[in-house]
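The following exercises concern a predicted model. Please work through each task before reading its solution.

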Amino acid sequence: MTARPTFAELLDWVEGRLSDEAAAAVAAYVDSGDPATSASVAWIRDFLAAAGSMPLSQPPADLSARLRGVFDQLHRPTHTDGWSDAWLLHDARSGLAAGVRSGDDGGVHLAFDSELGRFVLDATGAGVGEVDVQGLVMPTPGTGGVDLAFLAHGDLRRAVRTTPDGRFDARGVPVDVDELWLTAGATRVRATLDLRR
């Protein structure tokens, strides 16, 4: 090896993660006496020794449970009591309150009413299997910002929050998203979506 090993290569070498050939090349460079490389190797060894001497402590059980709950909620949210369904007011293609498909411009244009207030969204193609979704939530006065979660088969795919004036912009939403959740304080609304063209 003639090039100076990177810091990552040196760390892998010290911890024994390199192949025999790569380890021999790094060892040969270290043995060449390059001061910067020697200093990096010394620092890595000191750091590993210091880290190894520190005892590991388990977090309190209630903190672990709370963090697990937050993680589960973000990555696999579930329906609970207190949700209401939004109803479709307008589909730009058909005007029917059922079956949402793309319009002539390749986009999906929808308007809903809900317990939270009316909201509209436009979904336009953004690449293979993705759409950009922009819209406006018109919540009842005093609601403040609204959190939106786009889910596909129960899994969270995108989450955004409206601006203070109710606008939102979710880029690169997977086209297989089939549900939208809106939450503002204690008010929780869900809407069925079909963003496929």
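**Exercise 1.** Determine what covers the buried residues of α2, and on which side of α2 they lie.

*Solution.* Begin with the buried residues of α2, namely Ala25, Val26, Tyr29 and Val30. Around the axis they cover an arc of only 135 degrees, which means that they are on the same side of α2. Their cover includes α1 (7-14) and α3 (35-53). The other side of α2 carries the exposed residues Asp20, Glu21 and Asp31.

**Exercise 2.** Compare the expected span of helix α2 with the distance between its end C-alpha atoms.

*Solution.* Helix α2 comprises 12 residues (residues 20-31). At 1.5 Å a residue, the helix should span 16 Å. The end C-alpha atoms of α2 are 16 Å apart, so the two values agree. Gly33, which follows α2, has a positive phi near 90 degrees.

**Exercise 3.** Establish whether Asp34 counts as buried or exposed, and identify its contacts.

*Solution.* First, locate Asp34 in the loop between α2 and α3. Its relative accessibility is 15%; because buried means under 20%, Asp34 counts as buried. Next, consider its side chain, which makes a polar contact of 2.5 Å with the side chain of Thr37. Finally, leaving aside residues up to four places away in sequence, Asp34 touches Arg4 and Tyr29. Tyr29 is itself one of the buried residues of α2.

**Exercise 4.** Describe how strands β6 and β7 are joined.

*Solution.* Strands β6 (residues 147-152) and β7 (residues 155-161) run antiparallel and are joined by 6 bridges. Phe150, for example, has Arg158 in β7 as its bridge partner. The two strands form a hairpin with 2 residues between them. In the turn, His153 has a positive phi of about 55 degrees.

Terms used:
Residues numbered from 1 in each chain as written. Predicted model: local features only at pLDDT ≥ 70, side-chain atom pairs only at ≥ 80, totals over all residues. Heavy atoms only, no water. Helix = DSSP H or I, 4+ residues; strand = E, 2+ residues; numbered from the N terminus. Expected span 1.5 Å × (residues − 1). Buried < 20%, exposed > 50% of the residue type's maximum accessible area, 1.4 Å probe, protein only. Arc of directions from axis to C-beta. Contact = heavy atoms within 4.5 Å. Pairing = 2+ DSSP bridges. Polar contact = N/O pair within 3.5 Å; in protein donor to acceptor, adjacent residues only side chain to side chain.
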